[in-house]
Amino acid sequence: MTVRVRTLDELLTPPAAGSSALSTQEYFVNMGPQHPIAHGSLRLVLRLDGETVKEVIPVPGFVHRGIEKMCEKLNPRQIIHLTDRLDYLSAVMNNWGVAKAVEKAANIETNGRIETIRTLMSELQRIQSHMLWWGVLGMDLGAYTAFLYAFRDREIISELFEETIGARLTMNYVRPGGVMFDILPDFQEKVKKLLKYLGPIIDEYDTLLSGNVILQERLRNVGVLDGKKAVALGCTGPVLRASGVPLDLRKLTPYGRYGDVEFNVAVGSKGDCWDRYYTRMEEIRQSMRIIEQLIDSIPEGPVNVLRASARISIPEGTYYDQIETARGVLGVMLVSDGKSPSPYRVHFRSPNFNNLWAVTALAPGWRIADIITIQSSLDLVIPDIDR
Amino acid sequence: MTATSLTYFAIAAAQGAFKNVTVSERTAQAFADGSWILAIVYIVVALGGLAALVTLSGLVLIYVERKLAAHFQCRLGPMRVGWHGIFQTVADAVKLLLKEDVIPEKADKAMHLLAPFLSMMATVMVLGVLPYSPILQITDINIGVLFVTAVSGFGVMGILLGGWSSNNKWSMVGAMRAGAQIISYEISATLALLVVVLFSGSLSLAEIVQSQDAGWWIWRANGVGFVSFIIFVIAVTAEINRTPFDIPEGESELAAGFHTEYSGLRFSFFFLAEFINMFVVSGMTATLFLGGWMPFHIGAWAGFNGFMDLIPPVLWFTGKTSVVIFLIMWFRWTFPRLRVDQLMYLEWKVLLPIGFVNLFAAAVVVLYNLYPFPILVP
């Protein structure tokens with residue numbers, strides 16, 4: 001298979017005449033890399049006819065740090081420390097993704113306590129991530145208050161992480177063969193208190209933003225992504241599920257403790273921005289359900305099955321494993337030569353990279369303001385795109 | 001002055017015994033009397049008062065907005081500069097004054113420099129005709145309502161010019177949005193305002209206030225007054241580019257919209273104009289629908305009415321204006337913003353037909369003295 005690489009110059013066709021009866025012309029404009037909508041540095045080249053979007057060309061790469069290349073010089077335990085810089089809102093889940101792949105490759109068996117703690121932390125992080133997305137969506141649509149409400153409540157989860165893990169954003173917690181630290185004695189009590197607090201808070205979010213007529217007008221029927229197109233684009237996570245495809249690795253190939261708990265996969269019917277919005281709101285509630293079921297049944301046992309200094313040797317071969325992060329499927333591919341402690345090649349299949357290209361399919365025909373809505377509903381984290 | 005005479009004064013003022021005396025009339029009288037110095041003092045006081053009003057209301061409103069926003073959002077807002085941060089806006093103003101004034105190289109310089117002043121001027125001119133109290137009004141034009149509509153429409157020139165001369169595509173889009181939006185919503189605002197003109201039978205703002213002696217138009221106009229009040233508030237919120245109608249700025253869409261390329265003092269002119277505009281439209285709403293400086297009276301409750309009369313008219317005006325300002329700020333910190341086509345839909349297909357029907361109904365009510373609802377205040 002050959003892949004033809006096209007440059008931006010090739011993609012940019014000379015502006016055509018506009019559709020208006022007046023003598024008008026289409027024009028190009030850069031949205032980003034320095035633009036309030038680009039939460040990070042993402043450049044979108046827009047071809048516009050007045051307010052109407054004709055074409056969107058994403059130009060990623062401004063936050064490229066060469067993480068995959070760096071991983072080739074590090075041993076599996078060190079790789080963990082780079083993964084939280086991929087999708088910084090799913091740090092623990094990214095850690096887990098690599099740990100899972102390494103454990104599969106090196107045949108490491110973990111115990112129930114480790115898996116439960118990992119699951120709990122991941123779900124807490126999913127709630128936290130979706131909360132931030134909710135606030136940012138509000139801010140993008142002009143409702144700044146939502147942003148600060150989200151941050152107010154996110155703070156409680158951040159403090160919980162800070163206590164246990166020592167970091168609030170770039171958390172290195174899950175590692176091959178266990179987790180870094182055990183949970184504190186009052187962790188369960190605090191999580192229960194948090195759940196009690198979150199229930200009414202999520203309902204408050206619904207009253208503040210979900211029921212708002214302007215928000216509904218802005219989201220409903222905007223940027224409809226049908227299931228087939230979503231699969232073709234490689235979208236995963238809430239974006240894909242909102243289009244009616246119930247792909248959730250937690251349900252499909254249960255890992256951690258997901259097989260032991262009851263929860264529903266939130267699925268949309270239409271694939272418009274509103275479905276993506278409500279899928280995530282529902283996922284927060286489902287995550288709360290999962291935590292509720294697990295918080296009282298954390299088994300006893302060590303939190304590490306390996307000594308901290310134990311060498312993790314991956315036999316020669318190619319290994320792939322995947323995990324459901326807050327934004328979709330994070331795939332980790334490891335190629336090992338069997339000799340060196342560090343992998344020969346590491347590749348991350350990041351959910352945001354694939355979700356980003358949905359913008360190109362969804363935005364044309366809509367207004368400038370809808371690009372913001374669509375991009376916000378895709379919930380992109382730019383560093384995960386560029387890696 | 002004893003308490004009895006104060007009460008007498010207040011009651012007399014409320015009953016219209018004290019006719020409006022504007023500053024311009026006083027000046028003319030002083031000229032006629034030949035006391036040049038007094039006339040000049042009046043002019044200086046009027047101009048100084050306007051300048052003080054612009055500066056003060058700008059500073060106060062920006063502070064109030066920040067504090068209100070903060071408390072809507074479960075935080076404290078400015079707390080460091082002065083008691084509860086009351087000097088924060090002063091500090092910010094000084095910072096803006098000291099900032100470099102950047103003009104883009106490819107910008108149309110003359111227009112770029114002119115635009116903020118046009119925006120500001122339109123706003124300040126309206127302040128001159130607002131009746132703040134029976135004795136406090138710079139000048140009362142007999143076509144006051146028309147003047148206000150015409151002059152506030154002038155403000156869009158500044159925005160259009162600013163966006164166009166910046167030579168920036170985002171600014172341009174913002175300016176075009178502003179032009180379409182402000183001109184469209186002016187129609188609804190004017191239709192709503194005409195209802196009050198029909199009922200009061202005058203275009204002079206002072207006379208419109210006087211006509212509400214027996215009750216404010218918001219409820220005395222038998223329902224149509226309330227409808228036009230709502231239309232007016234929505235339309236003026238759009239006219240002054242406040243959320244949910246702030247698409248000309250739309251900071252998440254257009255960077256900063258029409259003032260993307262402005263910095264320092266010139267930016268602060270646009271910024272200040274926005275806040276003074278809020279004061280102006282709230283003052284207009286209070287004048288037209290809420291009785292301006294008239295105190296709140298309930299039918300034959302002489303005791304209650306007498307007590308209300310004790311509150312000076314300026315405070316009544318300020319209070320009513322503040323309520324409307326609070327409403328507009330509340331909108332901003334609650335609602336997301338509309339999309340450009342939804343905005344146009346709201347105006348041309350919703351507000352405008354309702355406005356026309358409402359105006360027609362008002363005309364019928366006034367012409368045939370039809371009063372389907374009992375008049376609350378005789």
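Hi everyone, let's start with a pair of strands in chain A: strand E2, residues 43-49, and strand E3, residues 52-59, run antiparallel and are joined by seven bridges. Before going further, please keep in mind that what we have here is a predicted model.

If you want to find that pair on your screen, look for Asp49(A), which stands opposite Thr52(A) in E3(A). The two strands make a hairpin with two residues between them, and there Gly50(A) takes a positive phi near 65°.

Now let's widen the view a little. Which strands share a sheet with each other here? E1, E2 and E3 of chain A do, in that order, as an open sheet of three strands with antiparallel pairing. E1 and E3 of chain A are the edge strands, each pairing on one side only. From one strand to the next, the twist averages 25°. As for the other pairing in this sheet, E1(A) and E2(A) run antiparallel, with five bridges joining them. A handy marker for that pairing is Met31(A), which you will find opposite Leu44(A) in E2(A).

One general remark while we are on sheets: in a regular strand, side chains alternate between the two faces of the sheet.

Let's go along chain A to another sheet. Here again three strands form an open sheet with antiparallel pairing, and the order is E6-E7-E8. Its edges are strand E6 (317-325) and strand E8 (345-349) of chain A, and each of these pairs on one side only. The twist in this sheet averages 15° from one strand to the next.

How many bridges join E6(A) to strand E7 of chain A? There are nine, and E7(A), residues 328-336, runs antiparallel to E6(A). Tyr319(A) stands opposite Leu334(A) in E7(A). This sheet also has a helix packed on it: helix H4 of chain A, residues 91-106, touches E6 and E7 of chain A, and its direction makes about 150° with that of E6(A). E6(A) and E7(A) form a hairpin too, with two residues between them.

So much for the sheets; now chain A as a whole. Its secondary structure comes to 16 helices and eight strands. The radius of gyration of chain A is 22 Å, close to the 21 Å that the globule rule gives for 387 residues, so chain A is as compact as a globular protein of that length. If you prefer to think in terms of a box, the C-alpha trace of chain A spans about 75 × 50 × 35 Å along its principal axes.

Next, where the two chains meet. Chain A gives 26 residues to the contact and chain B gives 24 residues. Which elements of chain A supply at least two residues each to the side that touches chain B? They are strand E1 (27-31), helix H5 (112-140), helix H6 (144-165), helix H8 (213-219) and helix H15 (368-378). You have already met E1(A), as an edge strand of the sheet we started with. Sorted by class, the side of chain A that touches chain B has 14 nonpolar, five polar and seven charged residues.

Let's finish in chain B, with two pairs of helices. In the first pair, helix H2 (residues 23-33) and helix H3 (residues 36-72) of chain B have axes that come within 8 Å and cross at roughly 160°. Are they roughly parallel or roughly antiparallel? With angles over 145 degrees counted as roughly antiparallel, H2(B) and H3(B) are therefore roughly antiparallel to each other. Their crossing is left-handed. Among the residues that meet are Val23(B) and Phe31(B) in H2(B), and Leu38(B) and Tyr42(B) in H3(B). The residues of this contact divide into eight nonpolar, one polar and one charged.

The second pair is helix H5 (residues 109-127) and helix H11 (residues 264-289) of chain B, whose axes come within 9 Å and cross at roughly 25°. H5(B) and H11(B) are therefore roughly parallel to each other. The crossing of H5(B) and H11(B) is left-handed. On the H5(B) side, the contact includes Phe117(B), Met120(B) and Leu127(B), while on the H11(B) side it includes Phe269(B), Phe270(B) and Ile276(B). By class, this contact has 11 nonpolar, three polar and one charged residues.

That's my tour, and thanks for listening!

Terms used. Residues are numbered from 1 along each chain as its sequence is written. Chains are lettered from A and ligands numbered from 1 in the order in which they are written. This is a predicted model: local features need pLDDT of at least 70, side-chain atom pairs count only at pLDDT 80 or more; totals for chains, interfaces and linings use all residues. Axes are lines fitted to C-alpha atoms, for helices over the stretch in contact, and angles run from 0 to 180 degrees between N-to-C directions. Helices (H or I, at least four residues) and strands (E, at least two) are DSSP runs, numbered from the N terminus. Angles under 35 degrees count as roughly parallel, over 145 as roughly antiparallel, 65 to 115 as roughly perpendicular and the rest as oblique. A crossing is left-handed if the near helix is turned anticlockwise from the far one by less than a right angle, and right-handed if clockwise. Two residues are in contact if their C-beta atoms, placed from the backbone, lie within 7 Å. Ala, Val, Leu, Ile, Met, Phe, Trp, Tyr, Cys and Pro count as nonpolar, Asp, Glu, Lys and Arg as charged, and the others, Gly among them, as polar. Two strands pair if DSSP finds at least two bridges between them. The radius of gyration is taken over C-alpha atoms; the globule rule is 2.2 Å times the number of residues to the power 0.38.
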